[in-house]
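Trainee: I have a model open and some questions. Can we start with the cysteines?
Mentor: Sure, let me put it on screen.

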Amino acid sequence: MVATNEQRNPPSATSPGRVLDVLRAHGPLTRQELQDRVGLSRVTLVERLDVLRAHGLVRASGHRHSSGGRRAEMLEVDLETPSALTVDLGQSHAALAVTDLRGTVLARDHHRLPARHDPDDVVPLLLRAGRDLLDRTGRADDLRAMALSLPGQIDHERGVTVAPATMPSWNARPLREPFADAFGVPVLLENDANALAFGDHCAMGRPDATVVGVKIGTGIGAGVIVSGRIHRGESGTAGEMGHMRIEGNDRRCSCGRRGCVAASAGGSALVRELRPSGVRSMDDVVRRVGDGSEDAVRVTAEAGRLVGTVLATVVTIVNPRHVRIGGAIGVLPPFLDALRDTVEANAHASALRGLDVGPSGLGADGAFVGLAGLVADEMLAPSTVDALIDRAVR
């Protein structure tokens with residue numbers, strides 16, 4: 001398990017970072033309300049707030065309603081001025097966005113990539129596209145971090161990926177350095193399904209309840225959010241739902257094994273199944289389903305049943321409150337309806353009590369929102385804020 005900044009450098013209970021943390025969790029607040037929560041003297045609190053304002057971390061957000069006398073100024077964490085450059089990289093696409101730390105997408109760019117693309121070609125493309133987006137939005141000076149999501153496992157210590165077999169050139173490639181060198185900011189890496197799940201978690205107001213997000217695109221992946229954090233597991237493989245085996249299924253998967261649910265129910269599998277009728281891409285599958293093609297609807301619903309069979313086990317073991325389904329295939333009504341029916345028929349009755357299964361409400365922005373949320377958590381963590389202020393003092 002990778003130690004967080006808070007575990008490595010626990011901040012003082014009265015540090016500027018802790019003050020900001022309380023304001024982020026409970027704000028907007030008046031100075032008096034904030035003082036009551038953090039337990040500092042008025043003079044010390046003013047000093048902390050002056051420092052936080054000087055670093056662009058706190059701003060005024062109106063005034064508290066008053067029945068008489070002077071209205072008290074409200075303070076909040078500034079999540080709109082700082083920016084993040086976010087990248088959602090897949091087996092056939094690269095999407096980029098400049099966001100604020102709330103996850104609001106300010107500008108975006110999308111590129112189709114050839115099969116088995118190579119980082120030596122794609123990384124320079126991402127650098128150029130990222131600079132262009134920052135120039136277009138005028139946000140280069142406000143950039144605080146970059147975050148990149150892609151399929152496969154992430155070695156967070158070394159900043160490299162354990163990429164899927166369909167992206168062999170990306171395996172064990174260092175990805176932090178080229179972007180950190182180019183943009184001069186910290187670079188976060190995350191699995192694409194984890195980013196999508198975290199995006200839905202943020203969009204729901206960051207509930208304390210457990211959230212499982214499932215992405216069905218070219219392949220299948222899942223992310224698990226527990227107590228507001230991504231649960232990655234001991235070796236970073238938590239959520240690799242697409243490679244759970246289905247009994248009686250012998251189809252070979254891209255991972256080299258046979259019987260994985262992704263081999264029969266992922267986007268690539270649907271394209272292969274519908275190829276005799278002229279389907280050549282996932283976009284074709286989506287169009288055919290939208291047009292009501294009987295074959296496309298049938299194949300998509302069967303894929304939903306297969307994924308639902310595996311998801312029922314996940315629901316029984318993890319016992320989440322929310323399940324959100326995303327990806328180009330996952331949000332198709334025949335897929336989602338069949339998946340939901342299968343989960344309800346096969347998961348343990350106790351795990352179904354209060355379970356909320358639905359489509360991701362973020363569409364193509366899901367990964368961007370999740371990555372922006374991760375940037376906010378990292379850059380606004382008390383230890384990160386205190387380190388920033390310490391460096392400025394020196």
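Mentor: First, the rule: a disulfide is a pair of cysteine sulfur atoms within 2.5 Å. This is a predicted model, where local features need pLDDT of at least 70, side-chain atom pairs count only at pLDDT 80 or more, and totals for chains, interfaces and linings use all residues. Residues are numbered from 1 along each chain as its sequence is written, and side-chain values use heavy atoms, with hydrogens and water left out.

Trainee: How many disulfides does that rule give?
Mentor: Zero.

Trainee: Why is there no bond for Cys 253?
Mentor: Its closest cysteine sulfur is in Cys 255, at 3.8 Å, and that is too far for a bond.

Trainee: And Cys 260, what is the distance to its closest cysteine sulfur?
Mentor: Also 3.8 Å, to Cys 255, so too far for a bond.

Trainee: Are Cys 253 and Cys 260 buried or exposed?
Mentor: Cys 253 is buried, at 6% relative accessible area. Cys 260 is buried too, at 0%. Buried means under 20% relative accessible area, exposed over 50%, and partly exposed in between (1.4 Å probe, protein chains only).

Trainee: New topic. How is the protein divided into domains?
Mentor: Domain 1 is 1-78, domain 2 is 83-195 + 367-378, and domain 3 is 207-363. The bounds come from an automatic or database domain assignment.

Trainee: How far apart are the C-alpha centres of domain 1 and domain 3?
Mentor: They lie 42 Å apart.

Trainee: Now α5. What does it span?
Mentor: Residues 119-137, so 19 residues, reaching 26 Å from first C-alpha to last, close to the expected 27 Å. The expected span is 1.5 Å times one less than the number of residues. Helices (H or I, at least four residues) and strands (E, at least two) are DSSP runs, numbered from the N terminus.

Trainee: What sits at the two ends of α5?
Mentor: Asp 118 caps the N-terminal end, with a side-chain oxygen 2.7 Å from the backbone nitrogen of Asp 120. After the helix comes Gly 138, with a positive phi near 65°.

Trainee: Which residues of α5 are buried?
Mentor: Among them are Val 122, Val 123, Leu 126, Ala 129, Gly 130 and Leu 133. The elements covering the buried residues include β4 (83-89), β5 (93-100), β6 (105-112), β7 (143-150) and α6 (176-183).

Trainee: What about backbone oddities? Which peptide bond is cis?
Mentor: The one from Gly 27 to Pro 28, with omega near 0°. Pro 28 lies in the loop between α2 (16-26) and β1 (29-30).

Trainee: Which residues other than glycine have positive phi?
Mentor: One is Ser 227, at about 55°. Ser 227 sits in the loop between β12 (220-226) and β13 (229-230) and is exposed at 60% relative accessibility. Another is Asn 319, with phi near 55°. Asn 319 is in the loop between α11 (294-318) and β14 (322-326), partly exposed at 42%.

Trainee: Last one. What is the strand order in the open sheet of five strands?
Mentor: β13-β12-β11-β14-β15, with mixed pairing. β13 and β15 (356-359) stand at the edges with a single partner strand each, so one side of each has no neighbour in the sheet. Two strands pair if DSSP finds at least two bridges between them.

Trainee: In which sense do β14 and β15 pair?
Mentor: Parallel, over four bridges. Arg 324 has Gly 358 of β15 as its bridge partner.

Note on methods
Contact means heavy atoms within 4.5 Å. A polar contact is a pair of N or O atoms within 3.5 Å; within protein, one must be able to donate a hydrogen and the other to accept it, and residues adjacent in sequence count only if both atoms are side-chain atoms.
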